[in-house]
Amino acid sequence: MKFTLKQIAAQAGVSKATVDRALHGRGAVHAQTQRRIDQAIRDLELQERTSLASGRTIPFDVILHTPDRFSRLVCDALIDEMSKFSAFQLRLRFHCVETITTNEMRKLMMKCANDSYGIILKAKNNAVISKTIEELQKHRIPVVTLVTDVPDSKRLRYVGMDNISAGMTAAYLMSQWIKEAELDVAVVLSSQNFLGEEQRVQGFCQGLKSMLPSVKPVWVSEGYGVDGMTFDVMLDALNRHPNLKAVYCVGGGNAAVLRAFKQAGREVLSYIGHDVDEENRFLLNDRKLNAVIQHDLQSDAREVFRTLLTFHGFVPITDHKYAFSKVNVVTPFNI
């Protein structure tokens, strides 16, 4: 036993003799007293781990496959929330990429296997990434998926919003603005391989079917939210669909989408985007976007840290319940 009878007794609020009886079977101990002693030992162990952790650096790797404009939002939220865990010497190592192959992503993830205490991951949902997460878990390196999930993997958990609900919210808003119009709506994804974006589109299409059946969704993808690539795929879609007059952009690249509409000489009757980054803030103020679906990245960041620190035993397991972060609607009037 690493703790003395005196330490355990003081933590549990009982006598040393009672602790001795409980630990060594020297006599009967009430069940409630036994639970207090067991809890006291767990608390002492946690305090010891916390003390050790606070004296050394705890590195987490943040791997984000996303446009720069969104990675900046995520990184800022994580840095801001680090102050809530000031008892620990947290260190974040950022690996943010706009374009990357699956094999390159695997190599990047495995590079973190040397000394990482956990990976915060936004990546494509495929078998290679899932297998890589499993390999990392064998090295006791937990992975938390953020914003978009890899559900069939051994990731510790997903942190983010309910993407289907977000898509349904966008469909509801659009149904209020364009009513019975018969037109096509561009559903713009970074890529069809990001599960979070696919779920947003799923929710949006479900909503359209019931709330706005006269509007047909047209998928526009593989621009990866990168300005030039998004412009090209959007302009191609406009040339192929003459009735394309509204947009739900689940990823990024809204300025590029609007440029493509201008190039095609097409008016946008309704435009809904995601995330209040610098570009979208400007477009909202300029009334180029009707609304933006925004989720609480601060609470996401807080939950990520809590999850990873709990995994390592640095903070206690609690009854804290977390399902999804909030889905908020931002307009030019409440930005």
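Let's start with strands 6 and 8. They run parallel, and 5 bridges join them. One bridge to look at: aspartate 184 has leucine 244, in strand 8, as its partner. Keep in mind that this is a predicted model.

Now the other neighbour of strand 6. Strand 7 is joined to strand 6 by 6 bridges, and the two run parallel. Here valine 187 pairs with tryptophan 219 of strand 7.

Next, strands 8 and 9. Strand 8 covers residues 244-249 and strand 9 covers residues 270-274. They too are parallel, with 3 bridges. Valine 247 has tyrosine 271 of strand 9 as its bridge partner.

Put those pairs into the whole sheet. The sheet is open and has 6 strands, in the order 7-6-8-9-10-11, with mixed pairing. Which strands sit at the edges? Strand 7, residues 215-220, and strand 11, residues 327-330, each pair on one side only. From one strand to the next, the twist averages 25°.

What packs on this sheet? Take helix 7, residues 163-178. Helix 7 touches strand 6, strand 7, strand 8, strand 9, strand 10 and strand 11. Its direction makes about 160° with that of strand 9.

Then there is helix 10, residues 254-264. Helix 10 lies across strand 6, strand 8 and strand 9. Against strand 8, helix 10 runs at about 175°.

Which residues of helix 10 are buried? They are Asn254, Ala256, Val257, Leu258, Ala260 and Phe261. Remember the general rule: an α-helix has 3.6 residues a turn, so residues three or four places apart point the same way. Look for that spacing as you turn the model. The cover over those buried residues includes strand 6, strand 8 and strand 9, along with helix 9 (227-240) and helix 11 (278-285). After helix 10 comes glycine 265, with a positive phi near 65°.

Back to strand 6, residues 183-188. How many of its 6 residues are buried? The count is 6 of the 6, so strand 6 is largely enclosed by the rest of the structure. In a regular strand, side chains alternate between the two faces of the sheet. In strand 6, both faces are covered. Leu183, Val185 and Val187 are buried on one side. Asp184, Ala186 and Val188 are buried on the other. Note that Asp184, on that second side, is the residue whose bridge partner is leucine 244.

Strand 8 tells a related story. In strand 8, 5 of the 6 residues are buried, so this strand is also largely enclosed by the rest of the structure.

Let's zoom out. The protein has 12 helices and 11 strands. Its C-alpha trace spans about 85 × 40 × 35 Å along the principal axes. Of its 335 residues, 51% are buried. Now the contacts between residues with a separation of 6 or more: 70% of them join residues 24 or more positions apart.

Last, surface and charge. The accessible surface comes to about 15,800 Å², and carbon and sulfur atoms account for 49% of that. There are 42 positive and 37 negative side chains. The centres of those two sets lie 7 Å apart.

Conventions:
Residues numbered from 1 in each chain as written. Predicted model: local features only at pLDDT ≥ 70, side-chain atom pairs only at ≥ 80, totals over all residues. Heavy atoms only, no water. Helix = DSSP H or I, 4+ residues; strand = E, 2+ residues; numbered from the N terminus. Buried < 20%, exposed > 50% of the residue type's maximum accessible area, 1.4 Å probe, protein only. Contact = heavy atoms within 4.5 Å. Areas by Shrake-Rupley, 256 points an atom, 1.4 Å probe, with all protein chains shown as cover. Lys, Arg positive; Asp, Glu negative; His and termini not counted. Charge placed at Lys NZ, Arg CZ, Asp CG, Glu CD. Pairing = 2+ DSSP bridges. Axes fitted to C-alpha atoms, helices over the stretch in contact; angles between N-to-C directions.
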